[in-house]
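Q: I am new to this structure and would like a close look at a single part. Please keep it brisk.

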Number of protein chains: 2
Amino acid sequence: MILEEIQKSHRHLTASEVYDLVRERLPNISLGTVYRNLEVLSDLGLIRRLDLGDTKRRYDFTTEKHYHIRCVKCGRVEDIDIENLDSLCPKGDGDRGWRIIDHNLEVLGICPECNHNANSNKQNKEETHV
Amino acid sequence: MILEEIQKSHRHLTASEVYDLVRERLPNISLGTVYRNLEVLSDLGLIRRLDLGDTKRRYDFTTEKHYHIRCVKCGRVEDIDIENLDSLCPKGDGDRGWRIIDHNLEVLGICPECNHNANSNKQNKEETHV
DNA sequence: CTTCTTGCAAATGATTTGCACGCTA
DNA sequence: TAGCGTGCAAATCATTTGCAAGAAG
């Protein structure tokens, strides 16, 4: 599985990003195969599926529990350093008979790049306005 | 907007669930119209879009900040009582130049019903096994 | 007449699946 | 030969969009 090899990108890739990367080495690989293997790899616990509030699923190179921040402008996803929240979530058969399995926290924001672009735009508008 | 009226279902409906409900009163309404109006309503802040780690978007009848628990078996979504986590998330231009906007917490679990069904199944299997 | 809102159907985008083929045991 | 993993294309599913027609001002 060269896919795993690709996970060393240390980013949070979408299936098609993985596809593009892998295709540099295996030009004939199909998108379907990428999807199938990403699924297998995450079932094996070698990568982590990220189903965030986004349209595209992403895959994380590390399977350790941690949280993410996503740019609402460009969609970029990065890790964010927030303490583990297990203690906050109802334990075991806690809440009204639910069996708790896991939790996900996603922080939304605007990344430095998009922030910067927004500022430049504002700058430009102001300038042309004068 | 009879859609809003429908939101009084006090549940976390998907677009097609809303569609089904509204159609009981307006049999000719189209799914596209439902989508368009759900979008308008959430832009107006009258309902809240829920982009959880699910394939379908849901709409919440209340716009107050709170968190949800989703059943990984049947997809049911309910509110969950967890304190507000704003304080945990990096403030303002906190993390590496990101501008923080919001955050979402989703707890995953198995709802009482699915739990119960799973148990019945296990029971049955054990019984037939004897 | 102009504008806004619809129904309808087709388009989109991400993901999944059916199928036939080649590789390996 | 039996079975698995693949490329390819078609199928799904949720959501969005283009367009012509009707309602409202």
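Which atom of DNA strand C is 3.1 Å from an N or O atom in the side chain of B:Arg36? Please start there, then take me through the surroundings.

A: The model is predicted. The atom you ask about is a base nitrogen of DNA strand C. Its partner is a side-chain N or O atom of B:Arg36, at 3.1 Å.

Chain A also reaches a base of this strand. A polar side-chain atom of A:Arg36 lies 3.2 Å from a base oxygen of DNA strand C. A:Tyr35 meets the backbone instead: an N or O atom in its side chain is 2.5 Å from a phosphate oxygen of DNA strand C.

Now widen the view. There are 13 residues around DNA strand C. Those that come nearest are A:Tyr35, A:Arg57, B:Ile29, B:Ser30 and B:Thr33. Of the strand's atoms within 4 Å of the protein, 70% belong to sugar and phosphate. By class, the protein surface near DNA strand C has five polar, four nonpolar and four charged residues. Two helices each supply at least two residues of that surface: α3 (31-43) of chain A and α3 (31-43) of chain B.

Both chains therefore take part in the surface near DNA strand C, with each α3 counted as a helix by its DSSP run. Next, see how the two chains meet. In chain A, 37 residues are in contact with 37 residues of chain B. The chains bury about 3,100 Å² between them, and carbon and sulfur atoms give 61% of that area. On the chain A side, A:Leu88, A:Trp98 and A:Arg99 supply 21% of the buried area, more than any other three residues.

What kinds of contact cross this interface? The rule finds zero salt bridges between chain A and chain B. Polar contacts do occur, with a count of 10 residue pairs at pLDDT 80 or more for both residues. β4 (67-71), β5 (77-80), β6 (99-110) and α4 (112-129) of chain A each give at least two residues to the side that touches chain B. The largest share, 12 residues, comes from β6(A). That side of chain A divides into 19 nonpolar, 12 charged and six polar residues.

Finally, look inside chain A. The domain assignment gives domain 1 (1-64) and domain 2 (68-83 + 103-130). Seven residues of domain 1 are in contact with seven residues of domain 2. The two domains of chain A bury about 670 Å² between them, 50% of it on carbon and sulfur atoms. In domain 1, A:His12, A:Leu52 and A:Arg58 lose the most area to domain 2, together 59% of what that side buries.

Methods
Residues numbered from 1 in each chain as written. Chains lettered and ligands numbered in written order. Heavy atoms only, no water. Domains from an automatic or database assignment. Contact = heavy atoms within 4.5 Å. Buried area = accessible area lost by both parts, 1.4 Å probe. Near = heavy atom within 4 Å. Polar contact = N/O pair within 3.5 Å; in protein donor to acceptor, adjacent residues only side chain to side chain. Helix = DSSP H or I, 4+ residues; strand = E, 2+ residues; numbered from the N terminus. Nonpolar A, V, L, I, M, F, W, Y, C, P; charged D, E, K, R; others polar. Salt bridge = Lys/Arg side-chain N within 4 Å of Asp/Glu carboxyl O.
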